[in-house]
Every structure is written in C-alpha cells, then in structure tokens.
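Student: Could we go through this model together, asking at each step what justifies the words used for it?

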Amino acid sequence: MKTIETISGMSTFSKTAKKEGKSIGLVPTMGALHEGHLSLVRAAKKENDIVVMSVFVNPIQFGPSEDLDKYPRDFKRDGEMARAAGVDAVFHPSASQMYPEGFSTYVNVEGLTDTLCGASRPGHFRGVTTVVMKLFAIVKPDAAYFGQKDAQQAIVVKKMAEDLNLDIDVRILPVVREKDGLAMSSRNAYLSTDERKDSAVLYQALRKAEDLMRQGETDPAKVVKAMEGMIKAKQNARIDYIAVVDPKNLRDAKTVSGDALVALAVFIGKTRLIDNVIVTIGS
Ligand code: AMP
C-alpha cells in the first residue's frame, strides 16, 4: 500500500492507473477508522481495480466552536487498518496542501444544505462539498463510496455530482452499527461509559419510529413526539433535531407514505451524534 502526502503524487498515481486501464474507487474519510469505513473499502474493492482512501480532517467543514482540534487522529493505526483492508493507496494531505494561502473557491449545493445538520452547522456542507470536489479532481475516481450514516451528506454529494456532470458513480452503503444499534462513528470515542450506555437510545428511537409508521401512524409529528419522549428520558441526552423528511428533497413530510427519512442529531453529553433510517411504507 502506498501512502501519498502530496496532491501531485496522488494525481500521478491516478493518471498511471488510468493509463493502465484500471478503474479507481475512492473512499473519502477523516480517519479514526472503524468498521463503517471498512465496509466502504470492501464495496470499493469489489467494484474497482484500485481503491484509494483519503484520510483528511477537513478544517473547513468544522464550525468555530466545533471539535476540529480534538477530532481523533491516529494515522499510524489508520494506515495499518487500511493496508489490512486491501486499500491500494492512502491519500493523506496536509491542510496547507489542500488549502494554500489565497484559496478562495467553494462548492455550494443550495436548497438541500440549510435544513437538518445544515441548520445546526452553518457552512458545514459547503466545506464537505468543496473538499469532496477537490478529492474528485485530484484522485479522478470512477466511483466514490459514502455511508448512509451521514444521510444528508450522501444526498448532497449525489446532487453535486449530478448538477456538475461529474461522471462519478456516487455509491451509498448501509449504516454499520455496534451490537446495541449505535451507529459506528469516530466521535463515539468521546463518550464516557455512562454516555455510551445512553447513546443506544438514538437507534432505539429510530426503531420506535419505524414500528409506529409500519403500524399505520401517518402523522410525522406524532412519530417525532414518541421519539422525543424516549430520548428526553436519558439524562445525558439533548436533542438537536428530529425530523421525518422526504429523502428526495429533505423537506418535512406532511404525512407518512412512500419513502420517509427519519433523521436525528442528539448531543450525548458534549458529543453530537447523528443517525437515521429510511422507512418505506406501501409497495
Ligand atoms: P468520516 O470519517 O466520519 O467523515 O466518514 C467517512 C465516510 O464513512 C462517510 O461517507 C461516512 O458516511 C462513512 N461512515 C461513517 N460511519 C459509518 C457507519 N457507521 N456506517 C457506514 N458508513 C459510515
């Protein structure tokens, strides 16, 4: 496995692979790897000749009071995990490589980015789409792999690829969970033992929503209320948002029918966790 730290090095690697007729699958990450990331690598390996993983904690997607400085970084461990998973090249640029002085071009997907996480984290998705666009330009992948865990991110990146005619297959893979249902996340490492116990309520509330909807509840407000009750009962939990939306446009669902995305963000102590399920009602 190659570790590549420069943009020119990454670009040359990709150009060589392309000249040899090889397809490239890209798995963008911020490191602190876990099974969720590795599930993306496995999908990428199945569908491409070469797998490139980027490990880059992208400063421009963090707000001023967020956890950029304390975000877990352990590149040695990440490199070992990536190698064991069969990654061909890890792209690990510095922030100054990606954003040299004078950098001033951003990608902004309008409409989909001012709700849900976008409402709580202004500028977050602009940072995400900008770095993903740069990674696409540098790595030149045929396909790129993202997790459904970040449901809004997945929708926004797909929209960017479509709107900008990127000719990159944006693939979305299911949420990988711990035994008690908690979605795997690099941020789970912040949780104390007590908080870790309480964090299981996120998925329990999502399952409750799914049950209610399958039993015929069609009022999204009632679904949200039931979830709120469960989450508020946990001492360490504070709700950022709970929403039932149309997964196509992220607008609030007026009534439950067809596909519904039930999404939430909850602070467990100081740690903000997100999760979601897609529920399909009817045929
Ligand atoms: P991150 O390093 O948190 O930016 O995540 C990198 C990629 O891994 C994103 O596309 C995430 O959606 C995906 N990912 C993170 N956690 C999970 C998970 N538990 N299951 C599936 N994909 C995940």
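Student: What makes helix α9 a helix that lies across β8 and β9?

Tutor: In this predicted model, helix α9 covers residues 201-214 and lies across both β8 and β9, where contact requires heavy atoms within 4.5 Å. Its direction is set against β9, to which helix α9 runs at about 20 degrees.

Student: How do you know that β8 and β9 are paired?

Tutor: Pairing requires at least two bridges, and strand β8, residues 258-268, is joined to β9 by 11 bridges, so the two count as paired, in antiparallel fashion. Within this pair, Leu261 stands opposite Ile278 in β9.

Student: Why are β7 and β9 said to stand at the edges?

Tutor: The open sheet has the order β7-β8-β9, and β7 (237-245) and β9 (271-281) each have a single partner strand, so one side of each lacks a neighbour in the sheet. From one strand to the next, the twist averages 15 degrees.

Student: What makes the approach of Val176 to the ligand a polar contact?

Tutor: A polar contact needs a pair of N or O atoms within 3.5 Å, and a polar backbone atom of Val176 is 2.8 Å from a nitrogen atom of the ligand, so the pair qualifies. By the same cut-off, the backbone N or O atom of Met184 that lies 2.9 Å from a ligand nitrogen atom also qualifies. The ligand taken alone exposes 480 Å², of which the protein buries 93%.

Student: Which element gives the most to the shell around the ligand?

Tutor: That is α2, with three residues, while the shell by class has nine nonpolar, six polar and two charged residues.

Conventions: Residues numbered from 1 in each chain as written. Predicted model: local features only at pLDDT ≥ 70, side-chain atom pairs only at ≥ 80, totals over all residues. Heavy atoms only, no water. Helix = DSSP H or I, 4+ residues; strand = E, 2+ residues; numbered from the N terminus. Axes fitted to C-alpha atoms, helices over the stretch in contact; angles between N-to-C directions. Polar contact = N/O pair within 3.5 Å; in protein donor to acceptor, adjacent residues only side chain to side chain. Areas by Shrake-Rupley, 256 points an atom, 1.4 Å probe, with all protein chains shown as cover. Nonpolar A, V, L, I, M, F, W, Y, C, P; charged D, E, K, R; others polar.
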